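Please open the structure in your viewer and keep the selection panel at hand. The tour proceeds by selections, each followed by a description of what is found there.

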Amino acid sequence: MSTTSTISSPLKIGLGLIGMWPDSSYATVLWLLYMLSLAAMQYFQYSYVYSHLSMNDFSKLMDGLSVTLDYTLTFMKLLSLWHNRRIFSDILVAMDDDWHGDCVTDSYTCVMTSKAALAHRCSNAMMTLNTLSTVFYFIGSYLSHRTISADEPRGFPVQMQFPFNATKSPIFEFIVLGSFLHVWETAVVIAMLNSLILALVLHVSGQIDIMCQGLREISVTSKSVTSATRLLIERHQRIISLSNNIDKFFSFVAMIQFLWNTVVICTIGFMIVISLSTDMDGKSGILIQSIIPYIAVTLEAFVFCFAGEYLSIKSRSIGDAAYETLWYDLSTKECRILLLIIVRSQKRLTITAGNVMDLTLEGFTSVRFLLYITDAQLCLNCNIM
């Protein structure tokens, strides 16, 4: 079966199950049910965090903070994406036109198929990796709780505070099973949102490669060079429009990601500094537990910045391909058309974080460096370094 979409079937099914796929059955109902389940989990998780805001409970606090922060970030992302669901629908319509348009040739289909195959592999790899991470997280939590003495109450893999006694059988077993399924679903949702932006950017990059290929095929032996270049200008305009819609769809999500990333790193750094400056047991355990939320939000931010950087690099290749054509053998009118493409390609395509900053790898490393300096300065002020 030939590939006819850049978005993989598992990604479509997953987005449909949480109500994020346009025109899917009972989309609003499914989205509300999942968001209500997230809100319920957040209530019990933050109840646990609030009840352990004590210097004597720092180890338990850090243990319950990792999944809680990921849940909050996912909740805010889904709210933003649901608000912009009409833009997502327009993006999918434009992508479908690229796959089934009248000007699609075998060579163009080959380019789009290769990009789609790469997007499918990335999507499957992300969802598989997050699934394995969830399984290993619960296995590690189970093994760590086995070392607790029989006098201690049984602990949940995902730290939550319930208003009733939930440690008795079979209530405890049902809660553990339910929390595993919900954490696994949320981990897959996080992977789907990351793979979605990669799939959309890879589709745009495929259209850019097709345009560059069309520019290289322009020659003086063509029957109508002017007609061919005008078609390329129309394709360029569709690429710009699709890229702008992707930016609108993910811009606020990217801003949330970076703001939350900053809050998480500063909060965890503050907790580590306080815990290490006091004489409490389990300092190494606190350090290990603090790595979990940091790695999670950092990897998500890296995916967004990588997608923005890749789109910017690909957009600049349009001007290079236009210049590399045999423009010196074309007429003045035809050269002017190519000049329009070169001038327009100077404004690179990108994804922004709330229209404040471009998502690039340079910006990613700059933010990380500033946060490292802040945490290091805090440690020096506390005389622990």
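The stops below go from the whole chain to helix contacts and then to individual residues.

**The whole chain**

Begin with the complete chain, bearing in mind that this is a predicted model. Coloured by secondary structure, the protein chain shows 10 helices and 2 strands. Read from the N terminus, the order of elements is α-α-α-α-α-α-α-α-α-β-β-α. Of the 385 residues in the protein chain, 47% are buried. Among contacts with a separation of 6 or more, 79% are between residues 24 or more positions apart.

**Helix α6 and its partners**

Select helix α6, residues 171–216, and keep it displayed for the next three stops.

Add helix α1, residues 9–17. The two helices pack at an angle of about 125°, and their axes are 10 Å apart. Are α1 and α6 parallel or oblique to each other? They are oblique, because angles over 115 and up to 145 degrees fall outside the roughly perpendicular and roughly antiparallel ranges. Their crossing is left-handed. Show side chains for L11, G14 and L15 of α1, which meet M192, S195 and L196 of α6. This contact comprises 4 nonpolar and 2 polar residues, with no charged ones.

Replace α1 with helix α2, residues 27–51. Here the packing angle with α6 is about 115°, with the axes 12 Å apart. The crossing of α2 past α6 is left-handed. On the α2 side, select Y34, S37, L38 and M41; on the α6 side, select H182, E185, T186 and V189. By class, the residues of the contact between α2 and α6 are 4 nonpolar, 3 polar and 1 charged.

Next, bring in helix α4, residues 85–100. Its angle with α6 is about 40°, and the axes lie 12 Å apart. The pair α4 and α6 is therefore oblique. As α4 passes α6, the crossing is left-handed. The residues to display are F88, I91, M95, D98 and W99 in α4, together with L196, L200, H203 and Q207 in α6. The contact of α4 with α6 consists of 6 nonpolar, 2 polar and 1 charged residues. L196 deserves a label, since this residue of α6 belongs to the contact with α4 and also to the contact with α1.

**Backbone geometry in two loops**

Turn to the backbone and select the loop between α1 and α2, where D23 and Y26 are found. Most residues other than glycine have a negative phi, and most peptide bonds are trans. D23, however, has a positive phi near 65°, and Y26 has a positive phi of about 55°. Are these side chains buried or exposed? D23 counts as exposed because its relative accessibility is 80%, and Y26 is exposed as well, with a relative accessible area of 67%.

Move to P170, in the loop between α5 (106–146) and α6. The peptide bond from S169 to P170 is cis, with omega near 0°.

**Cysteines**

Select the cysteine residues C212 and C305. C212 counts as buried because its relative accessibility is 3%; C305 is buried too, at 0%. How many disulfides does a search of the whole structure find? The search finds 0.

**Strand β2 and the residues around it**

Keep C305 displayed and add T360, in the loop between β2 and α10 (361–381). With neighbours within four places in sequence set aside, T360 is in contact with C305, E309 and R348. T360 is buried, because its relative accessible area of 10% is under the 20% cut-off.

Continue to M357, in strand β2 (residues 357–358). M357 counts as partly exposed, at 29% relative accessibility. Beyond its neighbours within four places in sequence, M357 touches I351, T352 and G363. For a distance display, choose the C-alpha atoms of M357 and M255: they are 8.9 Å from each other, although 102 residues apart along the chain.

The last stop is N244, in helix α7 (residues 225–276). N244 is partly exposed, with 38% relative accessible area. A final distance display between the C-alpha atoms of N244 and T350 gives 8.2 Å, for a separation of 106 residues along the chain.

How values were computed
Residues numbered from 1 in each chain as written. Predicted model: local features only at pLDDT ≥ 70, side-chain atom pairs only at ≥ 80, totals over all residues. Heavy atoms only, no water. Axes fitted to C-alpha atoms, helices over the stretch in contact; angles between N-to-C directions. Helix = DSSP H or I, 4+ residues; strand = E, 2+ residues; numbered from the N terminus. Parallel < 35°, antiparallel > 145°, perpendicular 65-115°, else oblique. Left-handed = near helix turned anticlockwise from the far one by under 90°. Contact = heavy atoms within 4.5 Å. Nonpolar A, V, L, I, M, F, W, Y, C, P; charged D, E, K, R; others polar. Disulfide = S-S within 2.5 Å. Buried < 20%, exposed > 50% of the residue type's maximum accessible area, 1.4 Å probe, protein only.
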